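Thanks, everyone. I would like to take a few minutes on one sheet and then on two of the contacts between chains, so please keep the structure in view while I talk.

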Amino acid sequence: MSKFSEFAEARRKNTKMVPVPSVSIMPERDLGSSPALECLHLGIDFGGLKAVDDFNITVGKTEICGLIGPNGAGKTTVFNLLTKVYAPTRGTIMVDGHDTAGMNPARVNQLGVARTFQNIRLFNSMTVEENVAVGLHNQRHCGMATSILRLPHHWKSERYYHERALELLDIFDMTGLASNEAGSLPYGAQRRLEIVRALATNPKLLLLDEPAAGMNPSETAELMENIVKIRDQFHIAIMLIEHDMNLVMNICEGICVLNFGKIIAKGTPEEIQRNDAVIEAYLGKQKKEVEA
Amino acid sequence: MSFKNIKPQTRSTILTYAIVIVAFIAVTVLDAAGFISNSLSGQLVPICAYVCLAVSLNLVVGVSGELSLGHAGFMSVGAFTGVIVAGCLTRLGLESELLLFVASAIVGALAAGVIGFLVGIPVMRLRGDYLAIVTLAFGEIIKNLLNNFYIGVDDAGLHFSMQDTASLGMQQGTILINGPKGAVGIDKVSTFVIGIVLVLITVAIVLNLMHSRDGRAIMAVRDNRIAAESVGINVTKYRLIAFTVASALAGAAGVLYAMNYSTITPSQFDFNQSILILVYVVLGGMGNIWGSIISAAFLTVLPELLRPINDYRMLIYAVVLILVMVVPHLKIYQRAADALRSRFSKATPAVAAEGGEADE
Amino acid sequence: MEVLANLINGMSLGSVYAIIALGYTMVYGIAKMLNFAHGDVIMVGAYICFCAVSYLGIPVIAAVLLSIVGCTVLGIVVERLAYKPLREAPSLNVLITAIGVSYFLQNAALIIMGSDPKSFSSIISLPALQLFDGRLTISATAVLTIAACMIIMVALTLFTGKTKMGKAMRACSEDRDAAQLMGINVNSTISMVFAIGSGLAAIAGVLMCAAYPTLMPTTGSMPGIKAFTAAVLGGIGSIPGAALGGVLLGIIEIFARAYIGTQLADAVVFAVLIVMLLIRPAGLLGKNVSEKV
């Protein structure tokens, strides 16, 4: 394994996960402050089906948390609930100590939740830079009249969007692509651009929906490095859905396993790998991979 | 810095302004030289009005990505408000034609903008074809209501009725709007120069809006609503902004249009008018402002050019419309275009072709 | 009595709207396009019937059949020439093409038939029914129209529910690609829908001109728009929805004309549509499809 995974292994070993009262676990270092995310008895019904039920989780301020489970377990539905794409039927979502009840997706983002999508959703007809600039929308205001009259404030704001967008694109070495059309980018670059766009909104919690899907092993390794880098640089919590067990086990500190809309296990990667319910949920098929 | 090195966005902006200014100079020179027929010079102001309408509708259909079939409704709100304002100001003794137009255009635009905003609040909850049908419905409602409006002005002020002119109860005032007969006795103050200035203002507002924080938000909503929401953009707000601004601009264009004639009727601003403007936008290209300008100007002139074959001109217009839409999608056309393209590009990428062969 | 008379008139007008709306809604369901030329097919149907009777002296029933055949052929030809090349094109391009077809049909009719209105009443004239000792008069056309609408509804429901072609049609509107993979000939199915829709438009044209006997090249456009409104009101893509929307719209229009004023009737109709859509954004019987995230 690469040097990186040794580093990640060491860091993860040094992170002690402790249970917080009754609901979940989170890293010891985040205990003093209010958690980035706290879900209590979260659930949603589609018709009679309980797609997600009694979902309790606490994600620490700087934690990388994995959400795994077999296909159709309700992982993306959880993300859709957290970002209010779907309105929850039951339960509470607290972001950084604020209840998000009654908020729309835009408001939740302004509160500090940003996400990427499983099926990539970029602004395809716009350039890479513009995509990031849209992400920066709420970071600096510039009134419509100011823009139409091209007052000095407009030009100052435009310069800010331009410079900040390039800074953020630099995380993934994408500054060279800034003036390309987002829809014409290769698949991997589109996934990375989605992350940059999400970061541009200055989130406290970043939700990544299968960030490594469709990537080759070297791209995945680079992505892992970048996810950790983003967490360390921006001091944010990251929650990710991923089927690549190597990625999940290497960079996540806490893991939550979902099956049929319910949490079947929560814990550190080691605990999850040993958990019988998890092994059963994956039908033993992925047992080797999990242990690897 | 050569023209090619400029950002594509800036290049198309420059091109857009250049088209308007060159067209203005060309028409002025040709007019002075006597090359412009009477019927065509009568079309100059309507052309400007249609260009404004196409550009403003492009903000809704092209930039914001919503299909609106009621643009003529907002045009008529502007037109009739403008006529009322002009009537009142004339009565108050305003002499300057330019001031008269500017005041009417501003009030007309504001009125259309307010109506657009009020219409937009419920409409923007809907999507796609449902939104289209509701805008159509609003356009028809506006037309119907205007058909029942009787407005007159005398020394006591404005009088309004929804029955007939007699019920206005005026002694010796002027009737400004006379139900289905529309607005009568309008001051014809619109000129080509005013029209061009209005076109430039409209283009500047739309382009400056497009290339700004708000414009990016509008386009983001068009490209992917859910993603736009996920980065904190208030979707309804930005759809509403595009719709309201476009309505206000349509109102101003309506004033320009109305003040070119001595009479206008509400039925001129019907569904077919809205469709006509939509045709300009689609032919010119979605979100492409200079495309809208050219197609609006060309399609307004086309029936004039076809006047020698008067009986068949609308038929030909229809055929042209169908062909322009269908031909690029025909297999024969695509094959021919590919063949032409490869013939023209054969000279330069010989190396690439060789490379391709080597791979095989 | 007056209320009852208005109700029957409304149902009669609504039945015409419903028959037209069925064409709109079926075409929308399968081709996902707003066929703005549909209203003008009504006009063509009415003209064919008119010409057949007054110039060729054919009996009325035969003339109606002829106009159905004529419109069916027209529908298929228009679909093949104008819409089929645009299967993969953006929907707005298809919309503009439909508008082009609409202009074409109107202006062709203008050139062939002239702009002067033709009086249709000379063709179909049936005695009116007198009920309640002559206190309620129902025109035979109204009865005929309502009956025709009901027969068409039943026939269409049976067709889409029971026959192989009807099932193919429903499969295509549900998912065109999947239907193709299951061996359904999508192109011929779409042609068939256009044929049925246009045939229905011919019937609607004859019925409408029997009730409102002026025929001009622009006769079809306003009923076309109203029927489109009706289709949306009922939930576009839904066949029972189109019938329900059409009848409702007709009743609302007649009552608005009687109690609010002829001038404002259309405004009332459209206002009702808007209010309905705000309460039920997918129409009365439409399915609310949410985007998958």
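In chain A of this predicted model, four strands form an open sheet, and going across it the order is 4-3-6-7, with antiparallel pairing. Strand 4 (49-59) and strand 7 (98-99) of chain A stand at the edges, and because each has a single partner strand, one side of each is left without a neighbour in the sheet. Strand 4 of chain A is joined to strand 3, residues 37-46 of chain A, by seven bridges, the two running antiparallel, and in that pairing A:Phe46 has A:Leu49 of strand 4 as its bridge partner. Lying across strand 3, strand 4 and strand 6 (90-95) of chain A is helix 2, residues 75-82 of chain A, which runs at about 70 degrees to strand 4.

Let me turn to the contact between chain B and chain A, which takes 21 residues from chain B and 30 residues from chain A. On the chain B side, the elements giving two or more residues are helix 7 (192-210), helix 8 (213-223) and helix 9 (225-230) of chain B, and the largest share, seven residues, comes from helix 8. That side of chain B divides into ten nonpolar, six polar and five charged residues.

What does the contact between chain C and chain B take from each chain? It takes 35 residues from chain C and 33 residues from chain B. On the chain C side, helix 4 (91-113), helix 9 (221-234) and helix 11 (265-279) of chain C each give two or more residues, and helix 4 gives the most, with twelve. Here the residues of chain C divide into 27 nonpolar, six polar and two charged.

Technical notes. Residues are numbered from 1 along each chain as its sequence is written. Chains are lettered from A and ligands numbered from 1 in the order in which they are written. This is a predicted model: local features need pLDDT of at least 70, side-chain atom pairs count only at pLDDT 80 or more; totals for chains, interfaces and linings use all residues. Two residues are in contact if their C-beta atoms, placed from the backbone, lie within 7 Å. Ala, Val, Leu, Ile, Met, Phe, Trp, Tyr, Cys and Pro count as nonpolar, Asp, Glu, Lys and Arg as charged, and the others, Gly among them, as polar. Two strands pair if DSSP finds at least two bridges between them. Axes are lines fitted to C-alpha atoms, for helices over the stretch in contact, and angles run from 0 to 180 degrees between N-to-C directions.
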